[in-house]
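Work through the exercises below with the sequence and the model open. Try each task before you read its solution.

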Amino acid sequence: MTVFNLISMLGGLALFLYGMRIMGDGLKQGSSSALKSAMSLVTNNPFMGFILGLCVTGVIQSSSATVVLTAGMVGAGILSVKQCVGVVIGAHLGTTVTGQIIRLLDLDAGGMVWIKFFQPSTLAPLAAIIGIVLIMSCNSGKPKLFGTIAIGFGILFTGLLNMTSSVSPLSESAAFSQLFASFSGRPVLGFFAGLLTALLFHSSASVGILQALSVTGSLTFGSVYSIMLGIYMGDCIITGLMVSIGASTNAKRVGCIHILYCIAKDTVIIIGVLLLKSFGFFDLSWDAAITSGGIANANTLFNLCAAIVILPVSGVLVKLCYRLIKDTEEDEIATKAEQVAATLNKNLYTSPELALAAASSVISYISKTASDNVERAFSVINKYDEKLIADIDRNEDDLDMLTDRVGDYLSNLSSHVRVGSETNRLNYYIKCVSEFERIGDLADNIQENAVDMHNRKVVFTVNANKELSVLHAAITEVLDHTHSAFVRKSINEARYIEPIEEVIDDLISLLKSNHYERVKSGTCTIFSGYVFLDILTNLERVSDQCANIGVHTIALQDTSVADAEHDYIRNLHMGLDDDFNTKYKMYTDRYTANVPVLGKLHGGRTGMADIEKIDKNDKANEIAE
């Protein structure tokens, strides 16, 4: 073998690995939404998890990617550690599909023209042609994605053919034949050779390299089986470390289960091979040359038999991983918000749909927490409570932390999502998380108003409290619809938000007008009027944030609204939408009609000057003190 053969072999290896990566990335991207749906079907039944892992890995052609995704879902709280064990075992069998595809190297046309289309020498350029046509003729969408997968497939087989042709001279090398003969007599050497190969490449690529070398005729079953054991172990070590570095405790347990399963699998294979050999099963095949198809079959049978033996007792792996990786002190003292933040696992970036689902779950928690803070703020207005105030402050800190975490997560995810529905959802989440965080800020403002009232011993009149209770009910309803619209991505829920927001605006104008009348008549003090109006302003802004989220939710699924949100809102307010008009009347009857009008409705200029004056005097007194 000359230096030129070596260069050709390394070039073929480079093309093979690059083609496998392009094809794998395309398959993962194209099946992202299917992966999300499939993963939601996992139950505590290990067999169902096994079928899922098998199917997912068979599609995306990478057991490492499946294990990484599984670890990300466990870290995100989507799956439990117990549920993941079947998926991991299925992934090991699913990855053998690559070897079965590569065995096309052995395909003999036998004079039949149609079979020649499936030979790598024809399939490689054909896939490349289809891929480049789709990529150059389509700017985006599924056709371009299919083109990426096809061209990756073509590059993979082109590299494989290069490797095969460049290593052919090794068939005449006595040293090369002797090397693999030594692996047959010394399986430990073969194991470490496979281990080293897998540390450099992943398992599918390592088995593919073995299949390419099989054309030399120097590989035998006796030499190959130990190398494959090393490949399995090397791949699981790399993947186990990949999912464990910087991950949550449960995600590390997935990596641990992956390694424990590989150890158990190698043990089962060694015992099985030695037993069969002792019974004379391998007398004819042990030292006979093995083909590419023979390597693919051995790889599939090894993983299938190991799964059959280990799957029924897979619960032992779960128990053992819990013994090896215990909960840390940080896990035990972590707050609920910190646990929620930990679900934003970067391992999910390989499947943007799953990563977006994790972000959506955290934003839903932010939404609920912000709504709860508004409810607590109302409670503090009605009855001063130090514990509720502490809860609001703590939740506000959690909201700020979670908003920052989600923002960073979505920002880093942006480079992984496809243009289209995934990008739209990413932008939708970025918009909504800031709106929900703002609702939390406004709840904190209302709580500060309540503290100010308590410190100054200010109380509202009976009528003012009654009016606030009506507004409280309206605000609660708009927050409920907003949370539900976001969680369910429901246009129907979102269409309730704008009508009730408009009624809240009307209600607040009425409450302001009534309060001005009470201030003018001396029923309320100027300062209580100031606090009351400040509370109304904050609540009006809460409903405004809800309205924004409602429009964003509708725009997510309705492109006509997405292109002209302001026109959509203007048309609603002009009475051009019958559904809006019906809901607006319903909420007007429910809320505004229950509040008496004490004086002429106006924009609030009368009386506001006095309130602003007392506000300035208050600030001057605070500075003087």
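## Exercise 1: a partly exposed salt bridge

Aspartate 452 is partly exposed, with a relative accessible area of 25%. The model is a predicted one.

Task: Find the salt-bridge partner of aspartate 452, and state how exposed that partner is.

Solution. Step 1: aspartate 452 pairs with arginine 456, and their closest N and O atoms are 3.3 Å apart. Step 2: the cut-off for a salt bridge is 4 Å, so this pair counts as one. Step 3: arginine 456 has a relative accessible area of 33%. Partly exposed means between 20% and 50%, so arginine 456 is partly exposed.

## Exercise 2: salt bridges between helices

Task: Which helices hold arginine 425 and glutamate 353, and are these two residues buried or exposed?

Solution. Step 1: the two residues form a salt bridge, with 2.7 Å between the closest N and O atoms. Step 2: arginine 425 belongs to helix H21 (residues 421–455) and glutamate 353 to helix H19 (residues 352–382). Step 3: the two positions are 72 residues apart in sequence, so the salt bridge ties together separate parts of the chain. Step 4: both arginine 425 and glutamate 353 are buried.

Task: Describe the salt bridge between arginine 518 and glutamate 467 in the same manner.

Solution. Step 1: the side chains meet at 2.9 Å, N to O. Step 2: arginine 518 is in helix H24 (residues 497–521) and glutamate 467 is in helix H22, so that distant parts of the chain, 51 residues apart, are linked. Step 3: arginine 518 and glutamate 467 are both buried.

Task: How many salt bridges are there, and which residues do shared partners join into one network?

Solution. The count is 12 salt bridges. Lys387, Asp391 and Arg394 are joined into one network.

## Exercise 3: the buried side of a helix

Task: Decide where the buried residues of helix H8 lie around its axis.

Solution. Step 1: H8 covers residues 120–137, which is 18 residues. Its span from first to last C-alpha is 25 Å, close to the expected 26 Å. Step 2: Pro120, Leu123, Ala124, Ala127 and Gly131 are buried in H8. These residues cover an arc of only 100° around the axis, so they are on the same side of H8. Step 3: an α-helix has 3.6 residues a turn, so residues three or four places apart point the same way. Step 4: the face turned away from the buried side of H8 carries exposed Ile129, Met136 and Ser137.

## Exercise 4: cores and rings

Task: Which residues touch the most other members of the largest nonpolar core?

Solution. Step 1: this core has 116 residues, and Phe460, Leu468, Leu471, Ile475 and Ile535 touch the most other members. Step 2: beyond its neighbours within four places in sequence, leucine 468 is in contact with residues including Phe378, Ile381, Leu511 and Phe532. Step 3: another core, of 37 residues, lies apart from the largest one and includes Ile227, Tyr232, Trp286 and Phe302.

Task: Classify the aromatic pair of phenylalanine 436 and phenylalanine 486.

Solution. Step 1: the ring centres are 5.6 Å apart, with 85° between the planes. Step 2: planes over 60 degrees apart count as edge-to-face, so this pair is edge-to-face. Step 3: phenylalanine 436 is in helix H21 and phenylalanine 486 in helix H22, 50 residues apart. Step 4: both phenylalanine 436 and phenylalanine 486 are buried.

Technical notes. Residues are numbered from 1 along each chain as its sequence is written. This is a predicted model: local features need pLDDT of at least 70, side-chain atom pairs count only at pLDDT 80 or more; totals for chains, interfaces and linings use all residues. Side-chain values use heavy atoms; hydrogens and water are left out. Helices (H or I, at least four residues) and strands (E, at least two) are DSSP runs, numbered from the N terminus. The expected span of a helix is 1.5 Å times one less than its number of residues. Buried means under 20% relative accessible area, exposed over 50%, partly exposed in between (1.4 Å probe, protein chains only). The arc is that of the directions from the helix axis to the C-beta atoms. A nonpolar core is a set of buried Ala, Val, Leu, Ile, Met, Phe, Trp, Tyr and Cys residues joined through side-chain atoms within 4.5 Å. Contact means heavy atoms within 4.5 Å. Rings of Phe, Tyr and Trp (its six-membered ring) pair if their centres lie within 6.5 Å; planes under 30 degrees apart count as stacked, over 60 as edge-to-face and the rest as tilted.
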